[in-house]
Amino acid sequence: MISARMKKHGAIWIVHALLGLWLVFSLLPPVMLVAASLNRTALFRSPLDLLMFRDFTLENFSQAFTRGDFWFFFTNSVIISASAVVITLIVCVPLAYGLTKISGRAREAVSFGVLAMRFIPYVVLALPLFLIFVNLGLSGSRVGLLLAHLSIHIPFATWMLVGFFDTVPHELEEAGIVDGCSPWNLFWNVTLPVVRSGVVALAILVFIISWNEYLFALFLAGNDAQPLTVGITRFLGGAEAGAEYGIIAAYAVLVIAPVILFALTANRFIVSGMTAGAVKG
Amino acid sequence: MAGVSIQNVEKAFGGVRVIHGIDIEIADGAFVVLVGPSGCGKSTLLRIIAGLEDVTSGAIMIGDTEVNDMAPKDRDIAMVFQNYGLYPHMTVAQNMGFALKLAGVNKAEIAKRVGNAADILNLDALLDRFPRQLSGGQRQRVAMGRAIVRNPQVFLFDEPLSNLDAKLRVQMRAEIKQLHQRLKVTTVYVTHDQIEAMTMADVIVVMHDGVVKQAGSPLDLYDTPANLFVAGFIGSPAMNFMDATVTSGALVFADGQHLPAPEGAALTDGQVVRVGIRPEDLVVADAGLSTRVRIVEPTGAEIHVGAQLGDTPVTVVLRERHDLHPDQTLTVAPLAGRLHLFDPKTEARLN
């Protein structure tokens with residue numbers, strides 16, 4: 001007799017098998033990237049050879065640092081991404097909070113206007129921004145690239161933050177008002193702490209979007225402001241050697257490592273449920 | 001401590017008037033319950049006293065001070081919200097001390113006053129916890145603690161028990177009442193639950209559609225409701241109503257049965273009145289109104305009988321045990337002096 005339990009057992013087994021497949025599917029690219037970065041020649045090896053490190057070397061990494069001018073690009077990436085986070089938060093947190101305080105049509109109009117900016121593909125913005133920046137002398141500067149990034153971040157972040165602030169129950173602010181909060185106190189000591197984890201998560205997202213951004217950098221960074229995503233392209237091809245996949249792989253590992261470390265350390269902030277228990281239960 | 005005086009207060013949101021000229025005098029130290037169905041304006045009135053809404057016209061006095069244009073924090077009030085309104089990122093102690101901290105009270109004093117309030121409410125063991133680690137009843141106590149710590153002139157409660165389960169509600173009801181007896185701070189309490197109002201209040205203010213229908217002690221309202229609305233709203237099971245015509249000193253019902261009209265009411269022959277009788281004021285009798293039993297509900301302490309007088313449903317609550325069955329005839333009579341007569345048009349009390 002095939003009991004219900006055995007049927008259930010079979011179903012679980014199938015689910016696990018599917019999950020396993022999915023795991024391999026999603027982990028294979030990054031694993032292959034790391035493997036390729038640690039082998040001498042990546043291109044003509046079979047994946048199995050690469051995974052067994054038949055031709056193990058750290059040479060690709062030292063090449064990436066020396067020939068790749070890694071620290072130059074890294075500095076640009078850090079400065080642009082970090083500034084993008086700071087400025088986005090300074091602009092968008094008050095903006096979004098303010099939007100949740102106005103009601104009706106005005107709010108919808110502003111919210112839609114902000115969101116509508118998101119409809120524009122970046123590539124449409126890149127060329128006009130380039131022409132404008134050339135005229136303003138901002139082309140090839142970190143400031144110019146940063147401004148381009150902000151044109152993406154600000155609408156996106158504002159829209160996210162309005163959503164966060166909307167989850168704060170109005171009774172919480174009323175309790176604050178009765179307790180004697182000034183408007184600033186209300187914002188800083190009552191409402192903002194409640195959405196803190198959301199703000200931190202957003203900051204990480206903004207950082208990662210800036211860190212990975214390529215298109216604007218290609219158009220606007222000139223020579224002096226190039227971030228890592230552009231830096232990697234110098235190994236893509238050249239008269240002498242063709243694409244150097246081992247170095248590209250090493251470089252790519254170096255590009256994503258800080259982001260992964262950053263996300264892992266900040267992970268504890270990205271815990272929802274801060275508002276649990278504030279209201280009802 | 002201070003009383004609260006609500007003087008001809010009106011409130012409109014946009015063009016919609018929700019409060020139509022309300023006058024209430026709340027004595028120093030009184031426990032006043034604003035009660036009424038949802039949408040009657042009771043919460044709005046409380047928020048006006050708190051300063052979370054402004055008045056369209058009229059005045060709010062706390063003690064001898066008109067507070068119309070004062071910020072909530074300057075009114076010397078504390079409020080307990082339906083959903084508690086605790087700050088989720090602060091511990092119980094920080095929640096309770098927040099108002100004092102904002103007011104610039106020094107740390108030692110804050111700790112002392114928070115400690116006192118925690119003592120009163122049995123919260124000592126919970127001071128370092130966060131709201132999310134507390135049960136509903138504990139959260140409600142913290143919300144009260146936050147109010148007590150400030151030592152205000154007036155406590156305002158906005159349906160504080162409606163998120164609690166039935167058993168806890170009864171328990172917290174008693175706790176709030178004891179708290180008031182101990183602190184003797186003027187309290188305005190909003191609820192839609194007439195049992196809460198009856199059990200807790202010194203004075204009940206019944207509101208409906210933005211006006212005060214009647215204000216008085218719980219038993220006054222119960223014994224002599226001033227109008228049909230209060231008569232029907234206060235009391236559970238609700239009062240029975242049936243229309244009767246006055247005919248030479250008797251109240252004649254639609255099916256021809258009649259009762260002697262109570263004395264002291266100015267009635268004229270042919271006048272139609274609405275007769276109100278509370279379910280527990282009907283007793284089994286040899287002569288009186290003959291009703292047909294529809295349903296019998298023993299609750300242990302009492303028997304609730306759903307019956308019919310002609311076409312009108314009548315509820316009878318009997319304290320003695322009777323062997324009753326559906327479809328049998330039950331003759332009941334009202335206790336002397338317990339008939340309520342109302343004018344069906346003006347809804348006002350006639351006796």
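**Exercise 1. Cysteines in the predicted model**

Classify A:Cys92 and A:Cys181 as buried or exposed, and state how many disulfides the model has over all chains.

Solution. The model is predicted, and the cut-off for buried is under 20% relative accessible area.
- Step 1: A:Cys92 has 0% relative accessibility, so this residue is buried.
- Step 2: A:Cys181 has 9% relative accessibility and therefore counts as buried.
- Step 3: A disulfide needs two cysteine sulfur atoms within 2.5 Å. By this rule the count over all chains is zero.

**Exercise 2. Two aromatic pairs**

Assign a geometry to the ring pair A:Phe70 and A:Trp71, then to B:Phe157 and B:Tyr189.

Solution. A pair of aromatic rings is described by the distance of the centres and the angle of the planes.
- Step 1: The search over all chains returns 20 aromatic pairs.
- Step 2: For A:Phe70 and A:Trp71, the centres are 5.3 Å apart and the planes meet at 80°. Planes over 60 degrees apart count as edge-to-face, and this pair is edge-to-face.
- Step 3: A:Phe70 has a relative accessible area of 3%, so this residue is buried. A:Trp71 has 51% relative accessibility and therefore counts as exposed.
- Step 4: For B:Phe157 and B:Tyr189, the centre distance is 5.5 Å and the plane angle 35°, so the pair is tilted.
- Step 5: B:Phe157 belongs to strand β7 (residues 154–158) of chain B and B:Tyr189 to strand β8 (residues 186–191) of chain B, so the pair ties together parts 32 residues apart in sequence. Both B:Phe157 and B:Tyr189 are buried.

**Exercise 3. Cluster and charges over rings**

Which residues form one aromatic cluster with A:Phe70 and A:Trp71, and over which rings do the charged ends of B:Arg132 and B:Arg146 sit?

Solution.
- Step 1: The cluster joins A:Phe70 and A:Trp71 with A:Phe65, A:Phe74, A:Phe207, A:Trp211 and A:Tyr251.
- Step 2: B:Arg132 places its charged end over the ring of B:Phe130, 4.9 Å from the ring centre.
- Step 3: B:Arg146 has its charged end over the ring of B:Tyr87, 4.9 Å from the centre of that ring.

**Exercise 4. The largest pocket**

Describe the volume of the largest pocket and the residues of its lining.

Solution.
- Step 1: The largest pocket holds about 350 Å³ of space.
- Step 2: Its lining has 14 residues; nearest the centre are B:Ala93, B:Gln94, B:Gly97, B:Phe98 and B:Lys101.
- Step 3: At least two lining residues each come from α9 (183–194) of chain A and from α2 (92–102) and α3 (107–121) of chain B. The largest share, five residues, is from α2(B).
- Step 4: By type, the lining residues are eight nonpolar, four polar and two charged.

Methods
Residues are numbered from 1 along each chain as its sequence is written. Chains are lettered from A and ligands numbered from 1 in the order in which they are written. This is a predicted model: local features need pLDDT of at least 70, side-chain atom pairs count only at pLDDT 80 or more; totals for chains, interfaces and linings use all residues. Side-chain values use heavy atoms; hydrogens and water are left out. On a 1 Å grid over the protein atoms alone, a cavity is a set of points where a 1.4 Å probe fits but cannot get out, and a pocket is an open set with protein on both sides within 12 Å along at least five of seven lines; lining residues have an atom within 4 Å of a point. Grid points are joined across faces, edges and corners, and a volume is the space filled by probe spheres set on the points. Helices (H or I, at least four residues) and strands (E, at least two) are DSSP runs, numbered from the N terminus. Ala, Val, Leu, Ile, Met, Phe, Trp, Tyr, Cys and Pro count as nonpolar, Asp, Glu, Lys and Arg as charged, and the others, Gly among them, as polar. Buried means under 20% relative accessible area, exposed over 50%, partly exposed in between (1.4 Å probe, protein chains only). Rings of Phe, Tyr and Trp (its six-membered ring) pair if their centres lie within 6.5 Å; planes under 30 degrees apart count as stacked, over 60 as edge-to-face and the rest as tilted. A charge sits over a ring if NZ of Lys or CZ of Arg is within 6 Å of the ring centre and within 35 degrees of the ring normal.
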